Amino acid sequence: MRTLIKGARVLDPGNVDGYKSILINGQTIEAVLDPADVMPENETDLKVIDAEGLLVVPGLMDIHVHLREPGHEYKETIATGAAAAARGGFTAVCAMPNTLPVNDNSQVTAFILGKAKAASRARAYPVGAVTKGSAGTQLSEIQDMQQAGIKAVFDDGRPVETPRSCAAPEYCRGLSIPVFVHAEDLSRERRCHE
Amino acid sequence: MRFTKKDILDIHSLDPAEITLILDTAMGMKEISQRPVKKVPTLRGKTIVLFFQEPSTRTKLSFEIAAKRLSADSVAIAKSGSSMAKGETLMDTVKNLEAMKPDVIVMRHASSGAAYLVANRVNCSVINAGDGIHAHPSQALLDMMSVREKKGCIKGLKLAMIGDISHSRVARSDIIGFSKMGARVSVCAPLTMIPAGIEALGCTVAPSMEACVADADVIMMLRIQKERMTDVLFPSEREYAGCFGLNSQRVALAHRDVTIMHPGPMNRGVEISSDVADGKYSMILDQVTNGVALRMALYYLVAGGSRHADTD
């Protein structure tokens with residue numbers, strides 16, 4: 001089964017930008033064709049999508065998404081968040097760890113991945129908490145979460161302050177896992193307001 | 001060769017010939033501890049002060065037993081119970097000790113460099129039994145003695161050292177000593193425990209525990225200081241044991257005649273599993289035995305021997 005996406009503006013930043021057609025065979029992009037090229041037509045096994053006026057881009061990824069589950073399902077669930085993401089062109093989202101309980105251990109990570117897999121929409125890349133409960137006092141079991149599937153660590157909504165600011169990135173460098181930073185100095189902010 | 005140093009302050013200041021002399025002398029001392037009467041008159045009439053201002057069990061006892069086996073008179077003072085607790089400065093305390101004419105002061109202090117300060121101001125010999133995170137020369141020397149005894153030599157061996165390098169004076173002295181004697185030293189730990197620029201001491205930093213212990217002739221585990229967990233150096237003992245604990249699977253990656261060492265005290269199940277600590281490759285208790293002989297050798301070289309020939 002081959003698919004032809006016809007007449008769209010194809011945008012792959014830094015790589016492709018123009019009105020082109022895309023020929024897909026199964027899981028593989030077989031060709032990106034210019035309007036002047038010969039199009040496959042009238043094949044029995046060809047599905048044609050007329051995409052004129054539409055934009056075709058690589059799967060987008062949102063690195064800061066709150067899927068809210070577990071704990072805050074009244075706001076969002078992994079299934080609804082993943083469906084909304086897919087609807088908007090996002091094939092993967094990074095799930096923030098400030099759930100209830102916080103994603104600071106491999107069980108929560110496994111729960112999120114299991115729910116995302118069941119939802120079968122946008123892929124979820126869980127982000128683990130840097131510190132237990134994102135409380136800022138003790139490192140989470142980051143290596144354990146990494147084995148369970150987290151792609152980065154982050155204490156969302158809370159800055160990583162001293163001495164963690166030194167220790168956490170060093171610990172994570174050894175594991176080759178990215179650290180996201182909420183760049184805010186709460187002590188300075190308080191002083192400004194006085 | 002004559003040993004001419006007044007003090008034993010670190011490994012850095014000892015050249016390979018001096019280290020070899022110390023290790024040879026220590027091997028000669030070892031036999032004394034196996035006699036029915038474990039005492040020789042070598043340092044009779046000498047006074048040794050054990051001035052320990054940090055908790056210590058085996059190092060202090062080892063220095064004390066070593067002094068007694070050589071017939072020296074040893075006295076121990078601690079920080080609590082000494083005038084230091086009343087506000088006397090370190091130098092005043094030491095000058096008062098010196099006024100009582102000891103031949104050797106063995107000192108441990110929480111500040112790096114304390115032993116140098118003292119050694120430069122007193123006429124008697126000073127042996128550094130650990131200063132802050134800087135040096136622990138007698139431990140490194142007994143480690144070298146143990147490895148040389150087991151392997152025949154130090155040159156050409158691969159030493160893997162895993163644990164909190166940042167806070168370990170044992171690690172610094174061992175890295176300098178073993179690399180000076182021709183061994184390759186590879187260290188590994190969470191990067192929170194590896195100080196920047198440690199390579200300057202003569203070691204390499206391995207990317208993983210597995211790479212560190214691969215083909216190692218000697219594996220030296222360092223104690224994980226549980227009290228430092230609040231400094232967020234590592235998340236939990238469980239995760240540490242998983243990433244950096246020595247177990248039989250990791251031992252299997254090393255040389256088939258590997259030697260396992262640990263300066264103690266051990267955290268079983270954290271940095272080392274019990275089957276490895278008590279297993280056939282372990283020479284952790286031999287280190288302790290050799291420690292007494294090595295410290296006897298240090299006393300002999302700084303306070304006895306040809307420099308202070310016994311007139312009896």
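**A tour of chain B and its core**

Start by selecting helix α1 (residues 16-30) and helix α5 (residues 137-151) of chain B: their axes come within 10 Å and cross at roughly 70°. Angles of 65 to 115 degrees count as roughly perpendicular, so that is how α1(B) and α5(B) lie to each other. Keep in mind as you look around that this is a predicted model.

Now show the side chains at the crossing. From α1(B), pick Ile19(B), Thr20(B), Ile22(B), Leu23(B), Asp24(B), Ala26(B), Met27(B) and Lys30(B); from α5(B), add Leu141(B), Met144(B), Met145(B), Arg148(B) and Glu149(B). Colour them by type and you will find 8 nonpolar, 1 polar and 4 charged residues in this contact.

Stay with Leu141(B) and Met144(B), because they lead into the next stop: both are among the residues with the most contacts inside the largest nonpolar core, which has 103 residues. Ile142(A), Val106(B), Ile162(B), Ile219(B) and Tyr299(B) complete that group. For the largest share of this core, select helix α11 (residues 284-303) of chain B, which supplies 11 residues. Another core, of 17 residues, lies apart from it; Val94(B), Ile105(B), Ala114(B) and Cys124(B) are among its members.

Next, centre on Ile219(B). Its contacts beyond four places in sequence include Ala160(B), Ile162(B), Leu246(B) and Met261(B).

Finally, switch to cartoon view for the open sheet of chain B: 5 strands, paired in parallel, in the order β7-β6-β5-β8-β9. Which strands stand at the edges? They are β7 (203-205) and β9 (259-261), each with a single partner, so one side of each lacks a neighbour in the sheet. The twist from one strand to the next averages 20°. Zoom in on β6 (residues 184-188), which pairs with β7(B) over 3 bridges; there, Val187(B) stands opposite Val205(B).

Terms used:
Residues are numbered from 1 along each chain as its sequence is written. Chains are lettered from A and ligands numbered from 1 in the order in which they are written. This is a predicted model: local features need pLDDT of at least 70, side-chain atom pairs count only at pLDDT 80 or more; totals for chains, interfaces and linings use all residues. Side-chain values use heavy atoms; hydrogens and water are left out. A nonpolar core is a set of buried Ala, Val, Leu, Ile, Met, Phe, Trp, Tyr and Cys residues joined through side-chain atoms within 4.5 Å. Buried means under 20% relative accessible area, exposed over 50%, partly exposed in between (1.4 Å probe, protein chains only). Helices (H or I, at least four residues) and strands (E, at least two) are DSSP runs, numbered from the N terminus. Contact means heavy atoms within 4.5 Å. Axes are lines fitted to C-alpha atoms, for helices over the stretch in contact, and angles run from 0 to 180 degrees between N-to-C directions. Angles under 35 degrees count as roughly parallel, over 145 as roughly antiparallel, 65 to 115 as roughly perpendicular and the rest as oblique. Ala, Val, Leu, Ile, Met, Phe, Trp, Tyr, Cys and Pro count as nonpolar, Asp, Glu, Lys and Arg as charged, and the others, Gly among them, as polar. Two strands pair if DSSP finds at least two bridges between them.
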